[in-house]
Amino acid sequence: MLGVTLSDGAPVCVFNHRGVIGAVGNLCTHAEFLISDGVLHGDGTLECVWHGARFDCRTGAVKRHPAELPLPVYETHEENGRVLVRPWPASHSELSS
Ligand code: FES
């Protein structure tokens, strides 16, 4: 996982889960620890290593407390070997359609 800052200042965690590149907000919704310093598990959950919250890397949904709010999810696009991240979070309704 890689922590980056977008042009608008948003902290984002870019990850590769089984060959699929994705991005979520890089601040844990529990107490703002860096998600990129955590662990991406094989089941697709991102674990914050401070207090152990887990989030679905595709949807940002909370999978284990103590976090209660989901992570924002960002659209990504690969172009000429570069990963581009759209500088605003996609809504959950966009992801589910
Ligand atoms: S800061 Fe992430 S679980 Fe507490």
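In which sense do strand 3 and strand 8 pair, and over how many bridges? Strand 3 (residues 20–25) and strand 8 (residues 73–79) are antiparallel and share two bridges. Within this pair, Val24 faces Val73 of strand 8. Strands are DSSP runs of E with at least two residues, numbered from the N terminus. Pairing requires at least two DSSP bridges between two strands.

The model is predicted: local features need pLDDT of at least 70, side-chain atom pairs count only at pLDDT 80 or more, and totals for chains, interfaces and linings use all residues. Residue numbers start from 1 along each chain as its sequence is written.

Strands 3 and 8 belong to an open, antiparallel sheet of five strands, ordered 1-2-3-8-9. Strand 1 (2–5) and strand 9 (82–90) each have a single partner strand, so one side of each lacks a neighbour in the sheet. Neighbouring strands are turned by 30 degrees against each other on average, direction ignored. Axes for this angle are lines fitted to C-alpha atoms.

A second open sheet has four strands in the order 4-5-6-7, again with antiparallel pairing. Strand 4 (39–40) and strand 7 (62–64) are its edges, each pairing on one side only. Strand 5 (residues 45–47) and strand 6 (residues 54–56) are joined by three bridges. Thr45 has Asp56 of strand 6 as its bridge partner.

Phe55 contacts (C-beta atoms, placed from the backbone, within 7 Å) include Val24, Thr45, Leu46, Val62 and Leu71, residues up to four places away in sequence not being counted.

How values were computed:
Axes are lines fitted to C-alpha atoms, for helices over the stretch in contact, and angles run from 0 to 180 degrees between N-to-C directions. Two residues are in contact if their C-beta atoms, placed from the backbone, lie within 7 Å.
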